[in-house]
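Student: Could you take me through one part of this structure closely? I work at the bench, so please explain the terms as you go.

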Amino acid sequence: MDILTQQLFNGLTIGSVYSLVALGLTLVYGILHIPNFAHGALYMLGAYVTLTMMLLWGIHYWIAMAVSVLVVGLLGVLMDRLVFHPLRHAPPIHDKIAAIGMLLFLEAFAQLIWGADYRTMETPYGQVIDIFGMTATTQRVLINIGAIAVMILLYLFLKKTYTGSTIIAMAQNREGAQLVGINTNRVAMLTFMISGGLAAIAASLSAPINLVFPGMGHLVILKAFVIIILGGMGSVPGAILGGYILGFTESLGATYISNDYKDIIAFLLLVVILSIKPKGLFSREGF
Amino acid sequence: MVSLLKNKGWVIGFIIAAILFPFVLSNDYFLHVLTLAFIWMIAVYGLNLLAGYTGYLSLAHAGFFAIGAYSLGLLSVNTDINFWLALLLACLITSAIGAVVGLVALRTREHFFAIYTLCVGYIIYLVIDKWDSLTGGVRGLIGIESPSAIGPLTFETPLSQYYLVLFFLLFTVLIMYRIVHSLTGRTFIAIRNSEDLAQTIGISTMKNKLLVFVLSTFFASLAGALYASFIRFIGPDIGYITIIFDLLTYLIVGGIGTLAGPIVGTFLIVAVSQSLQFLQDYRMLIFGPLLTLLVIFYPRGIVGAYHDWRMKMAARKRNRPQKEQRYFEAETDESEKKIKEG
């Protein structure tokens, strides 16, 4: 029983991180219908920027994270302007290849600047606390609370603000949004900004319990793809739900099935889902 | 793309250059690099048939390459069957796995297909990496035999292996040429241009897609098996996603959906990589943006760009009526426009 609750808590933590990454991915897919393979590189850069800020200038964890959100968000905007915007009329295979090109570049770039070593990120929240008989570090609790706070904020932003509803409008119908006077280019940039920011938050939150290295985005991004297919590509609630489902499956699978093969679980899940429903579980467009 | 190959001079020129190369520069190192490049070319041809001609971007081909390599490696290390039989078996095993994967994967389209195959590729890599008792895990497989002799022909020296791989490459090119210019090839292109339209005119898309998928895994596994027998050591890394990104770079630079593309792209990138050896880990700093820029400005790579330029020149020279020139351009660009609209 003890192990079970502990694993459920772990699953919640992993799920929170996955959800945040998948949210960024699903927002971009909803707006532009691009599977942004470079999203994993944004995640990786988010961790590195936070780490550098903390090590180099000794900035506090939260401020470093804010800087990272800004930097990676702007990078996302840059990517949209320089790569995806010129390709908006190209066949879909081109977007994918361009995104892979960006991914390769950003990884090599990170390796050039920060080296290929595995780094650890110190956190001011390393203490061990006791909640309902479980032991967990404050950082893990923080990941959960932080992720849920971000999700609520994002939800309020999308549903309650004018700018947020332009994103939803564009996801529902691009031409329609243009007809009612929405500047779709600006909305696309905004979406990339949010998407990059979410990746940076996810990476900065989870980096202290994982390691920071140039290839850290690989597995996460693959799993994020699994999640958004699970939850319906472009669907925000789907991404959140899918993230938690995957988190729980993985942490329980690692305990009760095999730790070696825990990474395969996610991909097997996807292969099974796509085998039965080739267009994903909830192939409804929009939010 | 048709007219490029109609200039048989190109093909004959390439063959003569490749055959004569060892006599001009008898340097074992260059031979080794070129042999490896030929092996990659075979794999890129496999990818080209699927991604370039049929429009399905498969990211699982590094996995099939690895299955081919491991099949040959395991057959060679654990049993003592003849090398050529092992080579054939390796290709057949991989094609069979490819058929099973294809049956399911091809039900998905576009983005879903790319993501699905990416996950399949990753599963193959993880299985090879973790299945210690069969594949040797991270330690890899050592002591794979090199090709055994056929009669008086032995394949011990680098030179003979070079010619062997060259033979397989030419065999691949010949088959590709025959496929692309057959009705089957036209069918593949029709599927790329518009799957719904292809279905309307009575093409069984699933059957053809499965055929092209299996064919393309066959060539990936052939390349993998040759790689295993040439390097004689394989590790799980050959199935990692970086390999498929490399293959994709070769294909895009050379020209996706062109017959000469895989050779041109692979040769250029390998040559440039050799002269930029000091970069090694950082070569993606150059190739990453190159990939992106090419896709934006020259989506059909060097061969495609050259082809377009020739078309323009020819049209200008002959001063043909606008209509005919447009017919030529339509042949090459139609597909992309179609996909855009669809």
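Tutor: Happily; here is a close look at one helix pair, followed by its chain and the partner chain.

This is a predicted model, in which local features need pLDDT of at least 70 and side-chain atom pairs count only at pLDDT 80 or more, while totals for chains, interfaces and linings use all residues. Residues are numbered from 1 along each chain as its sequence is written, and chains are lettered from A and ligands numbered from 1 in the order in which they are written.

Let's start with the pair. Helix 6 (residues 162-172) of chain A packs against helix 8 (residues 184-206) of chain A at an angle of about 105°, and their axes are 10 Å apart. Here helices (H or I, at least four residues) and strands (E, at least two) are DSSP runs numbered from the N terminus. Axes are lines fitted to C-alpha atoms, for helices over the stretch in contact, with angles from 0 to 180 degrees between N-to-C directions. The two helices are therefore roughly perpendicular to each other, a label that covers 65 to 115 degrees.

Which residues meet? From helix 6 of chain A come A:T163, A:T166, A:I167 and A:M170, and they meet A:T184, A:V187, A:L190 and A:T191 in helix 8 of chain A. Two residues are in contact if their C-beta atoms, placed from the backbone, lie within 7 Å. This contact divides into four nonpolar, four polar and no charged residues. Ala, Val, Leu, Ile, Met, Phe, Trp, Tyr, Cys and Pro count as nonpolar, Asp, Glu, Lys and Arg as charged, and the others, Gly among them, as polar.

Now for the surrounding chain. Chain A has 11 helices and two strands, in the order α-α-α-α-β-β-α-α-α-α-α-α-α along the sequence. Its C-alpha atoms fill a box of roughly 55 × 50 × 35 Å along the principal axes. Among contacts in chain A with a separation of 6 or more, 76% join residues 24 or more positions apart.

Finally, the partner. The contact between the chains takes 40 residues from chain A and 36 residues from chain B. On the chain B side, helix 6 of chain B gives the largest share, 13 residues. That side divides into 25 nonpolar, five polar and six charged residues. As for confidence, the predictor gives the complex an ipTM of 0.78 and a pTM of 0.81. Chain B averages a pLDDT of 81, on the predictor's per-residue confidence scale from 0 to 100.

Notes:
Parallel < 35°, antiparallel > 145°, perpendicular 65-115°, else oblique.
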